[in-house]
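Here is a quick walk through some local geometry, written for someone who likes cut-offs spelled out. Have the viewer open and follow along.

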Amino acid sequence: MPRQELEELQLERLKKIVSYVYERVPFYHDNMQKLGVKPEDIQTLADVAKLPFTSKLDFRDNYPFGLTCVPQNEIVCVHSSSGTTGKPVIAPYTQKDIDTWAELVARSLACAGITREDILQNAYGYGMFTGGLGLHNGGKQLGAAVIPASTGNTKRQLMMIQDLGTTAISCTPSYALILHESAQELGIDLYNSTLRIGILGAEPWSENMRADIESKLGITALGIYGLTEIMGPGVSMECPHKSGMHIWEDTFLAEIIDPITGKPLPYGEQGELVITTLTKEAQPILRFRTKDITSLNIETCACGRTMARMARITGRSDDMIRVRGVSVFPSQIESVLLTVEGIAPQYMIVVDRQNAFASDELEIWVEVSESIFSDEMTLMTALQMKLQRELDSVLGVKARIKLVEPRKLARTEGKAKRVVDRSELPRL
């Protein structure tokens with residue numbers, strides 16, 4: 001669809017959704033009144049900046065159904081976030097919402113190059129988390145054969161890949177590396193298996209990690225993006241050109257803002273991603289602050305798609321670590337670790353949290369490969385010094401480096417937790 005036609009459709013849907021929530025959700029009605037904004041004030045797409053933001057805290061303050069627009073008897077499904085830091089985010093869906101979601105995930109899988117001839121092994125968790133059923137229903141909508149493997153039981157996952165001829169796998173990037181590690185231990189050659197595509201998401205990952213995954217599993221590794229607050233997986237998806245994740249803009253209006261001032265930024269500039277849903281019935285959301293740091297590109301992709309592409313997420317504004325006045329994101333550290341020979345792709349960032357008048361201090365724990373660890377101490381020392389130089393150069397600030405023996409850092413079958421406070425530190 002040409003950009004002008006797409007933007008006309010977005011504006012039409014934006015006007016409708018603003019009126020819809022203004023009439024049905026006291027939270028939005030009251031906040032728009034405080035800002036002196038009425039639905040009729042939205043006359044251009046740029047006018048979205050007049051609307052109030054929605055934050056994760058607003059979901060918790062209105063828990064469980066304070067942001068919902070429909071009566072309970074129209075809700076056919078409810079998902080939620082993990083709620084590890086308080087009340088979970090509740091995501092209700094009408095039947096139309098479920099159908100739209102399945103269609104968008106099917107569109108995402110097709111964008112990645114998956115067809116009805118593929119066998120998709122879905123290793124995202126089934127349950128309240130949106131990943132499992134989101135990918136499951138989208139795969140079925142596309143017509144692919146879906147294996148509802150869910151998370152965990154890695155040996156069984158590998159058996160299914162071999163015995164069922166799995167051609168595509170959906171999981172977190174860190175779990176893709178766990179599959180490789182376990183396959184090596186069992187003498188299984190994943191590189192020459194039937195696998196050809198990985199649909200990877202739910203956690204930030206770098207280009208270097210993509211290269212590592214592709215070289216070890218023999219697949220094309222593509223990113224998928226979504227949020228419980230907005231819908232689930234299928235908000236955006238990479239195509240095989242790997243030049244950004246296509247946002248399905250007929251359904252979502254995306255902005256980039258300055259994370260500090262909240263002011264909109266132009267296309268191409270990096271900032272915080274903000275999303276407004278344009279078609280949801282049960283719980284439409286205006287200007288949700290995702291905390292994800294990225295940029296938008298509206299140039300037509302080599303694949304022919306005209307919808308905006310979001311660049312790889314470099315981190316989250318709330319994951320940013322301040323070290324002696326310098327902003328550091330975990331993705332920067334990962335990008336360095338995966339270029340140093342002798343380092344395993346497993347690491348943990350230990351933060352010494354200081355008070356409001358002092359900066360955080362960093363210590364990075366990194367696993368070394370079996371060959372280096374079993375060798376003489378001089379190699380370990382040389383590796384540590386090289387890693388220190390590389391990290392100092394990229395981060396612009398010094399972090400302490402601690403090399404640990406292989407397989408000592410905790411593995412997770414869900415989202416990898418890379419940053420921990422020293423008070424939470426596991427004993428090694």
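Helix 2 (residues 26–35) has F27, Y28 and M32 as its buried residues, where buried means under 20% relative accessible area, exposed means over 50%, and partly exposed is in between, with a 1.4 Å probe and protein chains only. These three sit on the same side of helix 2, because they cover an arc of only 115 degrees around the axis; that arc is taken over the directions from the helix axis to the C-beta atoms. P26 and K34, on the other side of helix 2, are exposed. An α-helix has 3.6 residues a turn, so residues three or four places apart point the same way.

Before going further, some bookkeeping: this is a predicted model in which local features need pLDDT of at least 70 and side-chain atom pairs count only at pLDDT 80 or more, while totals for chains, interfaces and linings use all residues. Residues are numbered from 1 along each chain as its sequence is written, and side-chain values use heavy atoms, with hydrogens and water left out. Helices (H or I, at least four residues) and strands (E, at least two) are DSSP runs numbered from the N terminus.

What covers the buried residues of helix 2? The cover includes helix 1 (3–24) and helix 3 (56–61), with contact meaning heavy atoms within 4.5 Å. After helix 2 comes G36, with a positive phi near 70 degrees.

**Aromatic rings and charges**

Helix 2 also leads into the ring pairs, of which the structure holds four. Rings of Phe, Tyr and Trp (its six-membered ring) pair if their centres lie within 6.5 Å; planes under 30 degrees apart count as stacked, over 60 as edge-to-face and the rest as tilted. Two of the four pairs are in the table.

| Pair | Centre to centre | Angle between planes | Class |
|---|---|---|---|
| F27 and Y28 | 5.0 Å | 70 degrees | edge-to-face |
| Y93 and W101 | 4.9 Å | 10 degrees | stacked |

F27 is buried at a relative accessible area of 13%, and Y28 counts as buried at 0%. In the stacked pair, Y93 is buried with 1% and W101 counts as buried at 3% relative accessibility.

Rings also turn up under charges here, using this test: NZ of Lys or CZ of Arg within 6 Å of the ring centre and within 35 degrees of the ring normal. The charged end of R289 sits over the ring of F53, 5.2 Å from its centre. K402 has its charged end over the ring of W365, 4.1 Å from the centre of that ring.

**The open sheet**

How are the four strands of the open sheet ordered? The order is 20-19-18-21, with mixed pairing; two strands pair if DSSP finds at least two bridges between them. Strand 20 (400–404) and strand 21 (419–421) are at the edges with a single partner strand each, so one side of each has no neighbour in the sheet. From one strand to the next, the twist averages 25 degrees.

Strand 18 (residues 343–352) and strand 19 (residues 361–368) are antiparallel, paired over seven bridges. Y347 has V366 as its bridge partner in strand 19, and for I349 the partner in that strand is I364. Strand 18 runs parallel to strand 21, with three bridges joining them, and there I349 has V419 as its bridge partner. Strand 18 is mostly covered, with 10 of its 10 residues buried.

Helix 9 (residues 330–337) packs on the sheet and touches strand 18, strand 19 and strand 21; its direction makes about 145 degrees with that of strand 18. Axes are lines fitted to C-alpha atoms, for helices over the stretch in contact, and angles run from 0 to 180 degrees between N-to-C directions.

**Backbone oddities**

Last come a few backbone torsions. Y63 and P64 are joined by a cis peptide bond, with omega about -5 degrees, and P64 lies in the loop between helix 3 and strand 1 (77–80).

Which residues other than glycine have a positive phi? S150 is one of them, at about 60 degrees. S150 is in the loop between strand 4 (145–147) and helix 6 (154–164) and is buried, with a relative accessible area of 18%. K291 is another non-glycine with a positive phi, near 75 degrees. K291 belongs to strand 12 (residues 288–294) and counts as partly exposed at 29% relative accessibility.
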